[in-house]
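These are my notebook entries on one structure, kept in the order in which I looked things up. The coordinates come first, and the entries follow.

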Amino acid sequence: MSTETTATGIGPVEGSGAHEGSYGVDNPAPFIEPPRKRTKKTPRSTRGNFEMYGWLFMRLSGIVLVVLVLGHLLIQLVLDGGVSKVGFAFVAGRWASPWWQVWDLAMLWLAMLHGANGLRTIINDYAESVKSRLWLKGLLYTATVWTIVLGTLVIFTFDPNIR
Amino acid sequence: MPAGTLYRGREGMWSWVAHRVTGVLIFFFLFVHVLDTALVRVSPEAYDKVVSTYKTPVVAVLEYGLVAAILFHALNGLRVIAVDFWSKGPRYQKQMLWTVVGVWLVLMLGAIYPVLGHAARVVFGS
């Protein structure tokens, strides 16, 4: 008895029991599609997974950069007299080895892309107008591409006998 | 500012702020550093001249600051990865931050002599 009563002002609830008996072959229950169900009309994807890959890249490149950059600091600033030994001859000695060429190349690319993606996030967070976001990101991408190309060329075209 | 509107995110928020600030500083230094290294393609003299500024006492202090920023960003970045991928990461994020600060302090103490020793000998004489 108590389950059948409904409070005043609230209509009978679908599936509450009061009406279940009335559905049948001649009066089928309405079909409700599950929310977010993919159908033929649903576009395959409304957007790509770019931000997820960016997020993953920050973590993967970050782990590699910890090794590359801390190794770089150890060699340049700590071991063998610290920064006082650094000069053209020192650079020539290191880049004679493909190992350090690849090390520096990987560090350049990963650090530039990691930093550029970080700054892209910061621009998206703080630049409020569409126009300023566009300009700041245009400047960022231009500077990033230029610096990566310049650094790569320097590593691959280095000539110890430039004089 | 009206009272009570400042977001009090405590350790989590401040480590996020510090991560952003150090990240931007490191990125801007990176541009300068690729440019100064590119001088090896100009001449040995041009490169050695710009590198000699890195050996002055004032710039040595800036280098110590750069090391401080990089070490914090690296250690806190590993903490962020642990928060994201380790199932117990979010629960221990504060303890991990204080671990980061502790390791950072030890490394910064260890970096005093290697990074600033040269500058100290220049200023105070060997």
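**Entry 1. Fold of chain A.** I took helices as DSSP runs of H or I with at least four residues, and strands as runs of E with at least two. I note at the outset that this is a predicted model. On that footing I find four helices and zero strands in chain A, and reading along the sequence gives the pattern α-α-α-α.

**Entry 2. Annotated segments.** I consulted the UniProt record, an unreviewed entry, which places the annotation "transmembrane region" on residues 56–79, 99–119 and 139–158 of chain A. I then checked the model over two of these ranges. Residues 56–79 of chain A are 96% helix and 0% strand, with 33 Å between the end C-alpha atoms. Residues 139–158 of chain A are 95% helix and 0% strand, and there the end C-alpha atoms lie 28 Å apart.

**Entry 3. Burial and surface of chain A.** Chain A has 163 residues, and 33% of them count as buried. I obtained an accessible surface of about 11700 Å² for chain A, with 66% of it on carbon and sulfur atoms. For contacts in chain A between residues at least 6 apart in sequence, I found that 60% join residues at least 24 apart.

**Entry 4. A:Gln76.** I located A:Gln76 in helix α1 of chain A, which spans residues 50–78. Is A:Gln76 buried or exposed? Its relative accessibility is 14%, under the 20% limit, so I record A:Gln76 as buried. Setting aside neighbours within four places in sequence, I list its contacts as A:Gly82, A:Val83, A:Lys85, A:Val86, A:Phe90 and A:Arg94.

**Entry 5. Interface of chain B and chain A.** I counted 37 residues from chain B and 42 residues from chain A in the contact. The two chains bury about 3200 Å² between them, 76% of it on carbon and sulfur atoms. On the side of chain B, I noted that B:Arg20, B:Phe27 and B:Arg41 supply 19% of the area buried against chain A, more than any other three residues. Seven residue pairs are in polar contact across this interface. The elements of chain B that give two or more residues to this side are α1 (10–38), α2 (44–54), α3 (57–85) and α4 (93–124). Of these, α1(B) gives the most, with twelve residues.

**Entry 6. Salt bridges.** Over all chains I found five salt bridges. I began with A:Glu51 and A:Arg120, whose closest N and O atoms are 3.0 Å apart. A:Glu51 lies in helix α1 of chain A and A:Arg120 in helix α3 (residues 98–126) of chain A, so this pair ties together parts 69 residues apart in sequence. A:Arg120 is buried, at 8% relative accessible area.

How many salt bridges are there between chain B and chain A? I count two. In one of them, the side chains of A:Asp125 and B:Arg20 meet at 2.6 Å, N to O. A:Asp125 belongs to helix α3 of chain A and B:Arg20 to helix α1 of chain B, so the pair joins two chains. I record A:Asp125 as partly exposed, at 43%, and B:Arg20 as buried, at 16%.

Within chain B, I found the side chains of B:Arg10 and B:Glu11 in a salt bridge at 3.5 Å, N to O. B:Arg10 is exposed, with a relative accessible area of 53%, whereas B:Glu11 is buried, at 15%. I close this entry with the network of salt bridges that links B:Arg10, B:Glu11 and B:Lys94.

How values were computed:
Residues numbered from 1 in each chain as written. Chains lettered and ligands numbered in written order. Predicted model: local features only at pLDDT ≥ 70, side-chain atom pairs only at ≥ 80, totals over all residues. Heavy atoms only, no water. UniProt positions renumbered as here; feature names shortened; annotations may be inferred. Buried < 20%, exposed > 50% of the residue type's maximum accessible area, 1.4 Å probe, protein only. Contact = heavy atoms within 4.5 Å. Areas by Shrake-Rupley, 256 points an atom, 1.4 Å probe, with all protein chains shown as cover. Buried area = accessible area lost by both parts, 1.4 Å probe. Salt bridge = Lys/Arg side-chain N within 4 Å of Asp/Glu carboxyl O. Polar contact = N/O pair within 3.5 Å; in protein donor to acceptor, adjacent residues only side chain to side chain.
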